[in-house]
Amino acid sequence: MIRNLINNAIKFTNAGGEIIFKAKQIGGECWLIIRDNGIGITEEKQSELFSLRAGTTFGTNNEKGVGLGLLLCKEFTELQGGRIWLESNPGEGTAFYVAMPAGN
């Protein structure tokens, strides 16, 4: 899951861009945050990202994606009692958040 989110950040960030990975505990959850300053995602596409309706996309170097990775990330996260969401602005970048229950 983490590899897929980082690969997506690389795919949609121009050469010389920045990708940041953070992990921190917030309350009873462990948060993983993958943030980039890439091309961003429109609101229309954001609403379809975690479904089979996402469709084909192309990265900054014309890399092809079919959208299956994010659907699997969502499924794996939820099966472990977690949640996944994003914040994005076209032209400014995207941040994906994964929150999982923290162990004792």
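Helices (H or I, at least four residues) and strands (E, at least two) are DSSP runs, numbered from the N terminus. With that in hand, we can place isoleucine 84 in strand β5, a good starting point for a tour of this structure. The model is a predicted one, where local features need pLDDT of at least 70 and side-chain atom pairs count only at pLDDT 80 or more, while totals for chains, interfaces and linings use all residues. Residues are numbered from 1 along each chain as its sequence is written, and side-chain values use heavy atoms, leaving out hydrogens and water.

**Isoleucine 84 and strand β5**

- Isoleucine 84 is buried, because its relative accessible area is 12% and buried means under 20%, with exposed over 50% and partly exposed in between (1.4 Å probe, protein chains only).
- Leaving aside residues up to four places away in sequence, isoleucine 84 touches Leu5, Phe50, Cys73, Lys74, Thr77, Tyr97 and Val98; contact here means heavy atoms within 4.5 Å.
- Glycine 40 is 44 residues from isoleucine 84 along the chain, and their C-alpha atoms are separated by 17 Å.
- In a regular strand, side chains alternate between the two faces of the sheet.
- You can follow this along β5: Ile84, Leu86 and Ser88 point to one face and are buried, while Arg83, Trp85, Glu87 and Asn89 point to the other and are not buried.

**How the strands pair**

- Strands β5 and β6 pair in the antiparallel sense over seven bridges; two strands count as paired if DSSP finds at least two bridges between them.
- Two bridges to look for join arginine 83 to alanine 99 in β6, and tryptophan 85 to tyrosine 97 in β6.
- The hairpin of β5 and β6 has three residues between the strands, and glycine 91 in this hairpin takes a positive phi near 85 degrees.
- Strand β6 also pairs with β2, in the antiparallel sense and over eight bridges.
- In that direction, isoleucine 34 stands opposite phenylalanine 96 of β6.
- Eight of the nine residues of β6 are buried, so this strand is largely enclosed by the rest of the structure.

**The nonpolar cores**

- A nonpolar core is a set of buried Ala, Val, Leu, Ile, Met, Phe, Trp, Tyr and Cys residues joined through side-chain atoms within 4.5 Å.
- The largest one has 14 residues, and Leu5, Leu49, Phe50 and Phe96 have the most contacts inside it.
- The elements giving two or more residues to this core are α1 (2-11), β2 (29-36), α3, β5 (83-89) and β6 (93-101).
- Of these, β6 gives the most, with three residues.
- Apart from this core lies another, of five residues, among them Trp31, Ala95, Tyr97 and Ala99.
- Leucine 5 touches Ile34, Leu70, Cys73, Ile84, Phe96 and Val98, again not counting residues up to four places away in sequence.

**Salt bridges**

- How many salt bridges does a search of the whole structure find? There are two, where a salt bridge is a side-chain nitrogen of Lys or Arg within 4 Å of a carboxyl oxygen of Asp or Glu.
- One joins the side chains of glutamate 29 and arginine 83 (2.7 Å, N to O).
- This pair links distant parts of the chain, with glutamate 29 in strand β2 and arginine 83 in strand β5, 54 residues apart.
- Both partners are partly exposed, glutamate 29 at 21% relative accessibility and arginine 83 at 36%.
- Lysine 74 forms a salt bridge with glutamate 78, and their closest N and O atoms are 2.9 Å apart.
- Lysine 74 and glutamate 78 both lie in helix α3, four residues apart, which is about one turn of the helix.
- Lysine 74 is partly exposed at 23% relative accessible area, and glutamate 78 is partly exposed at 40%.

**On the surface**

- Leu52, Val66, Leu68, Leu72, Phe76 and Leu79 form a nonpolar surface patch with about 650 Å² of accessible area together.
- Leucine 68 of this patch sits in helix α3 (residues 68-79) and counts as partly exposed at 42% relative accessibility.
- Patches are made of residues with over 30% relative accessible area and no salt bridge, joining like charges within 9 Å and nonpolar side chains (Val, Leu, Ile, Met, Phe, Trp, Tyr) within 5 Å.
- Accessible areas come from the Shrake-Rupley method with a 1.4 Å probe, and for residues only the protein chains shown count as cover.
- Asparagine 62 lies in the loop between β3 (57-58) and β4 (64-65) and is exposed, with a relative accessible area of 58%.
- The phi of asparagine 62 is near 65 degrees, a positive value in a residue other than glycine.
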